[in-house]
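Visitor: I would like to walk through a structure with you and ask how its labels are earned. Shall we put it on the screen?

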Amino acid sequence: MLVTAPKDADADRLGHALKAVIAHHDTLRMRLTTDGPLIDDAADYDILRVATGSLAEEAAAARSRLNPATGTMVQAVWFQETAKLLITIHHLVVDGVSWRILLPDLAAAWDGQPLQPNGTSFRRWSQVLAKTDRSNELQHWRDTLSRPDTTLTNTPLDPAKDVAGTAEHLTVTLPAKFTQPLLGTVPAKFHGNVNDVLLTAFAFAVADWRRRRGLGNATDVLLDLESHGREQLADDIDLSRTVGWFTSMYPVRIGVDQTIVDGQLVKKVKEQLRAVPGNGIGFGLLRDEVEDLPKPQLAFNYLGRFTAESGVWTATPDAETLGDGTDAALPLAHLIELNAVANDGPDGPTLAATWSWAARLLSRDAVDDLARTFTRALENVVTESDRQDAGGHTPSDLPLVSLSQEQIDLLEAAWRVSR
């Protein structure tokens, strides 16, 4: 993360502020051991350095200094001339949500203000998770993974050749006139959330793309779904102020039995997602039990909505040039991955959909075709949702009664006529 720091900042004061934040969040003081992570009482390593090279050089050097085995989880570099502070944290102890906690805390520490109390510790949450009995979910995960999946390429991923450094990336942006309703009125009409709509478009696009490429007419799409993982495992758990890596990933099989993408498909996908037990939090605990089953070739992750901010202690516009710090030799886990994020801008929010894939196995034209199909599917759902009779409830919205989707649709249609 590259942030704007006060112009009158100095290394000593910055160092004290960083140490105060690390002291406040025990996750940042973890050490990785063969027996599990330990918490050090204090960070006794050199946290902050003053830049002497370019941003790219300093970023690479900061990453190389991280060492979980010694507890070196945080490195910061101060660029005096531009008043920018580069903060590099090992992914073992931080996720996207954590940054929304850390940057305000760093601002408070700089001003000498006390930091807000933390909620449930990462350790406490981990203990509760480990003690959770999810064995009754095992059959669901077996059923999800055991059915045959359509092969998207004749050659499997090679962990020696298909690595992060050889992957290609493509970003397609959905205009504000479609993104604005996508984030608000459209999911509200279906009494759902943004993921319901995004995954409908994603599954439809993949199924349509497979058919047109002669890969069969399968009506379901198997994918790994990434989530923030901050689930309410017990009544006394509060993760709103907890720094750590909570991310969960679990397989989802979405049936797409239509050749058009519309509101009815959104309802079907929504119900399939609601059938996933515990929002997928239990899969990680049971994954060894399904190790023998096929792995999804696709992955999807919606990162949420981000508001552009300016001023001190906010991300700088050039922060994106740093990349994500992934080791270039890391084997690709999926043939294709989609990471989507909504960014607020002067003309409204836009959805940036970034596609990453194994360049050895798929051409850029092929993935561009898939990306454009996904974008068109989203536009179609948004346009179709403008109809007065669009949207409606689904069975999971009505847990106290037993009604099929057809019965619900008939009741809602009758209600609209009677108004």
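Visitor: Which elements each supply at least two residues of the lining of the largest cavity?

Guide: Before I answer, please keep in mind that this is a predicted model. The elements are α1 (11–24), β6 (84–89) and α3 (96–110). Among these, α3 gives the largest share of the lining, with four residues.

Visitor: What makes this space a cavity, and what is its volume?

Guide: The term cavity applies because a 1.4 Å probe fits there but cannot get out. Its volume is about 90 Å³. By this rule, the model has four cavities of 30 Å³ or more.

Visitor: How do you know which classes of residue line the largest cavity?

Guide: Start with the names: Leu18, Val21, Ile22, Leu28, Val74, Ile87, Ile89, Trp99, Leu102, Leu103 and Leu106. Leu, Val, Ile and Trp count as nonpolar, so the lining comes to eleven nonpolar, no polar and no charged residues.

Visitor: Let us turn to α1 and α3. Why are these two helices called oblique to each other?

Guide: They pack at an angle of about 125°, and their axes are 9 Å apart. The roughly perpendicular range is 65 to 115 degrees, and roughly antiparallel needs over 145. An angle of about 125° meets neither condition, so α1 and α3 are oblique. The crossing is right-handed.

Visitor: Which residues make that contact?

Guide: From α1 come Arg13, Leu14, Ala17, Leu18, Ala20, Val21 and His24, while α3 brings Leu102, Asp105, Leu106, Ala109 and Trp110. By class, that is nine nonpolar, one polar and two charged residues. Leu18 and Val21 of α1, with Leu102 and Leu106 of α3, are in this contact, and these four residues also line the largest cavity.

Visitor: Now for α6 and α11. What makes this pair roughly perpendicular?

Guide: Helix α6 (residues 176–183) and helix α11 (residues 364–384) pack at an angle of about 65°, with axes 10 Å apart. Roughly perpendicular covers 65 to 115 degrees, so the pair takes that label. Their crossing is left-handed. The contact involves Phe178, Pro181 and Leu182 of α6, and Leu378, Glu379, Val382 and Thr383 of α11. It has five nonpolar, one polar and one charged residues.

Visitor: How do you know that α8 is oblique to α11?

Guide: Helix α8 (residues 194–212) packs with α11 at an angle of about 135°, and the axes are 8 Å apart. Since roughly antiparallel starts over 145 degrees and roughly perpendicular ends at 115, α8 is oblique to α11. This crossing is right-handed.

Visitor: Which residues of α8 and α11 meet?

Guide: On the α8 side there are Val197, Leu198, Ala201, Phe202, Phe204, Ala205, Val206, Asp208, Trp209 and Arg212. They meet Ala366, Asp369, Leu370, Thr373, Phe374, Ala377, Leu378 and Val381 in α11. The classes are 14 nonpolar, one polar and three charged residues. Leu378 of α11 takes part here, and Leu378 is also in the contact with α6.

Visitor: One last stop, the second largest pocket. Why is one of its lining residues counted as charged?

Guide: This pocket has a volume of about 200 Å³. Its lining consists of Thr151, Thr153, Thr155, Pro156, Leu157, Lys295, Pro296, Gln297, Ala333 and Leu335. Lys counts as charged, so Lys295 supplies the one charged residue, beside five nonpolar and four polar ones.

Notes: Residues numbered from 1 in each chain as written. Predicted model: local features only at pLDDT ≥ 70, side-chain atom pairs only at ≥ 80, totals over all residues. Heavy atoms only, no water. 1 Å grid on protein atoms, 1.4 Å probe; cavity = no way out; pocket = protein on both sides within 12 Å on 5 of 7 lines; lining within 4 Å. Points joined across faces, edges and corners; volume = space filled by probe spheres on them. Axes fitted to C-alpha atoms, helices over the stretch in contact; angles between N-to-C directions. Parallel < 35°, antiparallel > 145°, perpendicular 65-115°, else oblique. Left-handed = near helix turned anticlockwise from the far one by under 90°. Contact = heavy atoms within 4.5 Å.
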